[in-house]
Amino acid sequence: MKSTPQAVFRKLAALYERMGIAYDAAAQGLGLTCSGCADNCCRSFFQHHTYVEWAYLWQGLEAMPQDRRQEYERRAAAYLREAREALDRGERPAAMCPLNDDGLCGVYAHRLMICRLHGVPTVTVRPDGGRQTFPGCFRAQELCEGREDFPVLDRSALYRDLARLEMEFLGSRLRQLPRVDLTLAEMIVSGKPL
């Protein structure tokens, strides 16, 4: 049975809070801070994969003044042009996230999972038992260098819970809709997902 969007969004906000606690524990255990970092994660080329996060992002965008949202939409269109040019040159795009306002996220409470968890070393155990690892951002990798024991954030349960929320959010439409594989800028330019 499909839940109301607001009920799912409340659960997503609680999941995001758990993600924040897990991230903070791993970052503190590693001694990782973003302060003064020359490499800005907001220039990373991330693909996002859930309708529930896309819709929640739009809840945050719709709550802001129209002129501010339109500025983000303008920036998102510019981001897409810059990203396409980089991809056409065979390069990985490194454009600034359209929601970045002088180093701060313009929709911080509504930012997506990867924006919340990027940086620290992570592991994800897939349903087939395979493991995916991420060594962390450049600064995290430097902090881990030479260490045998460092904190690794296990994203497995967080991903499973997000997948459950996606199923709850979409209900019977789950198998009818195409898979999401979009940048945040594409989610903004495309508008609300459903």
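## Exercises: a small sheet, two helices and one threonine

In this predicted model, three strands line up as β4-β3-β5 in an open sheet with mixed pairing.

**Exercise 1.** Work out which strands sit at the edges of the sheet, and what packs on it.

*Solution.* Start with the edges: β4 (131-134) and β5 (153-154) each pair on one side only. Next, look at how β3 (residues 122-125) meets β5: the two run in the parallel sense and share two bridges. There, Val 123 stands opposite Asp 154 of β5. Finally, add the helix: α6 packs on the sheet, touches β3 and β5, and makes an angle of about 55° with the direction of β3.

**Exercise 2.** Describe how α2 packs against α6, and which kinds of residue make the contact.

*Solution.* First the geometry: α2 (residues 51-62) and α6 (residues 156-170) have axes 8 Å apart, at an angle of about 75°. Angles of 65 to 115 degrees count as roughly perpendicular, so that is what α2 is to α6. Now the residues: α2 brings Tyr 51, Val 52, Glu 53 and Ala 55, while α6 brings Leu 162, Leu 165, Glu 166, Phe 169 and Leu 170. Sort them and you get seven nonpolar, two charged and no polar.

**Exercise 3.** Find out where Thr 50 lies and whether Thr 50 is buried or exposed.

*Solution.* Thr 50 belongs to the loop between α1 (5-30) and α2. Its relative accessibility is 10%, and buried means under 20%, so Thr 50 counts as buried. Its side chain makes a polar contact with the side chain of Glu 53 (3.1 Å). Leaving out residues up to four places away in sequence, Thr 50 touches Leu 162, Glu 166, Val 180 and Met 187.

How values were computed:
Residues numbered from 1 in each chain as written. Predicted model: local features only at pLDDT ≥ 70, side-chain atom pairs only at ≥ 80, totals over all residues. Heavy atoms only, no water. Axes fitted to C-alpha atoms, helices over the stretch in contact; angles between N-to-C directions. Helix = DSSP H or I, 4+ residues; strand = E, 2+ residues; numbered from the N terminus. Parallel < 35°, antiparallel > 145°, perpendicular 65-115°, else oblique. Contact = heavy atoms within 4.5 Å. Nonpolar A, V, L, I, M, F, W, Y, C, P; charged D, E, K, R; others polar. Buried < 20%, exposed > 50% of the residue type's maximum accessible area, 1.4 Å probe, protein only. Polar contact = N/O pair within 3.5 Å; in protein donor to acceptor, adjacent residues only side chain to side chain. Pairing = 2+ DSSP bridges.
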